[in-house]
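Here is a short report on one protein chain. It takes the disulfides, then the barrel, the helix that packs on the barrel, and the cores.

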Amino acid sequence: MRSLAIWLLLATPAVAQDTMSGPEFDAYVTGRTITFRTATNPLFGIERYLEDKRVMWSDFDGTCQYGVWFESKGDICFRYDGDPEHKCWEIYAEPEGLRGVYTTRPNTTVIFEVPESDAPLICNDLSS
């Protein structure tokens with residue numbers, strides 16, 4: 001009986017996790033500043049999520065970019081001022097925080113939210 005239970009468990013396909021929709025993403029991020037890491041970089045970048053789907057992004061070099069996010073074909077995409085290429089991600093809500101899989105160039109980047117980060121968004125190039 002135990003062997004049958006193990007076989008059934010192994011034979012059952014894994015349940016695919018759904019990506020966050022635009023409204024789910026909006027509810028999670030608006031008003032927050034979130035720090036992201038990759039598997040090899042503990043400080044990939046930081047993004048402030050403003051009202052009306054506006055964002056500010058920095059990769060910790062003191063240079064910030066303004067932009068907007070939008071939902072497109074199930075992805076969450078970002079368009080930053082001065083950059084004609086949209087940056088699109090599959091976004092997943094996980095117990096540890098957000099996980100983003102870059103879809104603009106597949107198989108290149110996966111980012112993870114750094115929970116409880118107090119890293120500031122510093123924009124040396126923007127006047128207040």
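A disulfide is a pair of cysteine sulfur atoms within 2.5 Å. By this rule the count comes to two disulfides. The model is a predicted one.

## Disulfides

| Pair | S to S distance | Torsion about the S-S bond | Handedness |
|---|---|---|---|
| Cys-64 and Cys-123 | 1.9 Å | about -80 degrees | left-handed |
| Cys-77 and Cys-88 | 2.1 Å | about 110 degrees | right-handed |

Take the pair Cys-64 and Cys-123, with sulfur atoms 1.9 Å apart. This disulfide links distant parts of the chain. Cys-64 is in strand β4 (residues 64-72). Cys-123 is in the segment after β8 (110-113). The two cysteines are 59 residues apart. Both Cys-64 and Cys-123 are buried.

The other disulfide joins Cys-77 to Cys-88. Cys-77 lies in strand β5 (residues 75-80) and Cys-88 in strand β6 (residues 87-94), eleven residues apart. Cys-77 is buried, and Cys-88 is buried too.

How do the bonded cysteines pair when they are counted along the chain, and what is the pattern? The pattern is 1-4, 2-3.

## The barrel

Eight strands close into a barrel. Their order is β1-β2-β3-β4-β5-β6-β7-β8, and the pairing is antiparallel. On average, neighbouring strands of this sheet are turned by 35 degrees against each other, direction ignored.

Some strand pairs can be followed residue by residue. β1 and β2 run antiparallel and are joined by four bridges. Here Thr-35 stands opposite Ile-46 in β2. β2 and β3 also pair in the antiparallel sense, over four bridges. Glu-47 stands opposite Trp-57 in β3. The hairpin of β2 and β3 has four residues between the strands, and Asp-52 in this hairpin takes a positive phi near 60 degrees. β2 is mostly covered, with four of its five residues buried.

β5 and β6 run antiparallel and are joined by three bridges. The bridge partner of Phe-78 in β6 is Lys-87. The disulfide between Cys-77 and Cys-88 links these two strands as well.

## Helix α2

α2 packs on the sheet. It touches β1, β2, β4, β5, β6, β7 and β8, and its direction makes about 145 degrees with that of β4.

Which residues of helix α2 (residues 22-29) are buried? They are Gly-22, Phe-25 and Val-29. These residues cover an arc of only 65 degrees around the axis, so they sit on the same side of α2. An α-helix has 3.6 residues a turn, so residues three or four places apart point the same way. The face turned away from the buried side of α2 carries the exposed residues Pro-23 and Ala-27.

The cover over the buried residues of α2 includes β1 (33-37), β2 (45-49), β4, β5, β6 and β7 (97-102). Just after α2, Gly-31 takes a positive phi of about 90 degrees.

## The cores

The largest nonpolar core has 17 residues. Those with the most contacts inside it are Phe-25, Phe-36, Tyr-49, Phe-78, Ile-91 and Leu-98. The elements that give two or more residues to this core are α2, β1, β3 (54-58), β5, β6 and β7. β5 gives the most, with three residues. In soluble globular proteins, nonpolar side chains tend to be buried together.

What does Phe-78 touch, not counting residues up to four places away in sequence? The list is Phe-25, Glu-47, Tyr-49, Val-55, Val-68, Trp-69, Phe-70, Glu-85, His-86, Lys-87 and Trp-89. Among them, Phe-25 is one of the buried residues of α2, and Lys-87 is the bridge partner of Phe-78 in β6.

A second, separate core has five residues, including Ile-46, Cys-64, Leu-121 and Cys-123. Cys-64 and Cys-123 form a disulfide. Ile-46 in β2 is the residue opposite Thr-35.

## The segment after β8

Pro-120 is found in the segment after β8, and Cys-123 is in this segment too. Pro-120 is partly exposed, with a relative accessible area of 49%. Pro-120 and Thr-35 are 85 residues apart in sequence and 8.9 Å apart in space, C-alpha to C-alpha.

Conventions
Residues numbered from 1 in each chain as written. Predicted model: local features only at pLDDT ≥ 70, side-chain atom pairs only at ≥ 80, totals over all residues. Heavy atoms only, no water. Buried < 20%, exposed > 50% of the residue type's maximum accessible area, 1.4 Å probe, protein only. Arc of directions from axis to C-beta. Contact = heavy atoms within 4.5 Å. Core = buried A, V, L, I, M, F, W, Y, C linked by side-chain atoms within 4.5 Å. Pairing = 2+ DSSP bridges. Axes fitted to C-alpha atoms, helices over the stretch in contact; angles between N-to-C directions.
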